[in-house]
Amino acid sequence: MDATMENKMGLPPPYEPTAPSPAPPPSYFGDNPPPPAGLAVPAVPPRTTVITSPAAPSDRPIKLGPGPTGASCPTCHKSIVTRVDFVPNTRTHIVSAALCVLAGCCCGCFVPYCMRSCKSANHYCPACKAFIGTYQHS
Ligand SMILES: [Zn+2]
């Protein structure tokens, strides 16, 4: 008997039967695989739908006059005639100061404060007392 032959006969076959390795799990992600774990998925902010409704009629600027003016109250939406408060404005003080200088005394200083044309007309709603706007003489 040949030693080589003996070796061949006594040794197990050079290959070992290996159990079939389990197949990789099928991908359930189809064409959209999940991103790598290292990459942060940008959070998609929820869509905010801005509804721009057409301006309500009450949003239109109200044309105010120097006196009580018929208007639609933007607060209580009533058709009203504004109540007017005349308040001194910067122009009132300027005219008063000018009269004071021109007249040389303060005799005429009060005049602008008595003249509606030198004051601002603040319009208010007589129903809800809401401030509607100011009219200033140009
Ligand atoms: Zn009102």
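## A walk through the model

Of the contacts in the protein chain with a separation of 6 or more, 53% are between residues 24 or more positions apart; a contact here means two C-beta atoms, placed from the backbone, within 7 Å. What you have open is a predicted model, where local features need pLDDT of at least 70, side-chain atom pairs count only at pLDDT 80 or more, and totals for chains, interfaces and linings use all residues. Residues are numbered from 1 along each chain as its sequence is written.

**Colour by confidence.** Start with pLDDT, the predictor's confidence in each residue, from 0 to 100. The protein chain averages 77, and 59% of the residues score at least 70. Which element has the lowest mean pLDDT? Select helix H1 (residues 3-10): its mean is 57, the lowest among the elements, while S2 has the highest at 96.

**Switch to cartoon.** You should count three helices and five strands, in the pattern α-β-β-β-α-α-β-β along the sequence. Both kinds of element are DSSP runs numbered from the N terminus: helices are H or I with at least four residues, strands are E with at least two.

**Select S3, S4 and S5.** Together these form an open sheet of three strands, ordered S3-S4-S5 with antiparallel pairing. The edges are S3 and strand S5 (131-136), each pairing on one side only. On average, neighbouring strands of this sheet are turned by 25° against each other, direction ignored; the angles are between N-to-C directions, run from 0 to 180 degrees, and use axes that are lines fitted to C-alpha atoms (for helices, over the stretch in contact). Strands count as paired if DSSP finds at least two bridges between them. As background, strands of a sheet pair through backbone hydrogen bonds, either parallel or antiparallel.

Now zoom in on the ladder:

- S3 and S4 run antiparallel and are joined by six bridges; click phenylalanine 86 and its bridge partner in S4, alanine 121.
- On to strand S4 (residues 119-124), which has five bridges to S5, also antiparallel.
- Alanine 121 stands opposite tyrosine 135 in S5, asparagine 122 opposite threonine 134, and histidine 123 has glycine 133 as its bridge partner.

**Stay on S3 and pick aspartate 85.** This residue sits in strand S3 (residues 83-88). Is aspartate 85 partly exposed or buried? Aspartate 85 counts as partly exposed because it has 13 C-beta neighbours inside 10 Å. The cut-offs are 20 or more other C-beta atoms within 10 Å for buried, 12 or fewer for exposed, and partly exposed in between, with C-beta atoms placed from the backbone. Leaving out residues up to four places away in sequence, aspartate 85 touches Asn122 and Tyr124. Try a distance to glycine 67 too: the two C-alpha atoms are 9.0 Å apart, for residues 18 apart along the chain.

**Follow the hairpin.** Between S4 and S5 lie six residues, and lysine 129 there takes a positive phi near 65°. Lysine 129 counts as exposed, because it has 11 C-beta neighbours inside 10 Å.

**Jump to histidine 77.** You'll find this one in the loop between strand S1 (70-72) and strand S2 (79-81). Histidine 77 is another residue other than glycine with a positive phi, near 60°. With 14 other C-beta atoms within 10 Å, histidine 77 is partly exposed.

**Show the core.** Of the 138 residues in the protein chain, 9% count as buried. Select Ala71, Cys73, Ile80, Cys125 and Ile132: these five residues are the largest nonpolar core, that is, a set of buried Ala, Val, Leu, Ile, Met, Phe, Trp, Tyr and Cys residues joined through C-beta atoms within 7 Å. In soluble globular proteins, nonpolar side chains tend to be buried together. Centre on isoleucine 80: apart from neighbours within four places in sequence, it contacts Ala71, Cys73, Cys125, Pro126 and Ala127.

**Last stop: helix H2.** Select residues 90-103 and check the length of H2. At 1.5 Å a residue, its 14 residues should span 20 Å, and the end C-alpha atoms are 20 Å apart, which agrees. The expected span is 1.5 Å times one less than the number of residues. Just after H2, look at glycine 104, with a positive phi of about 80°.
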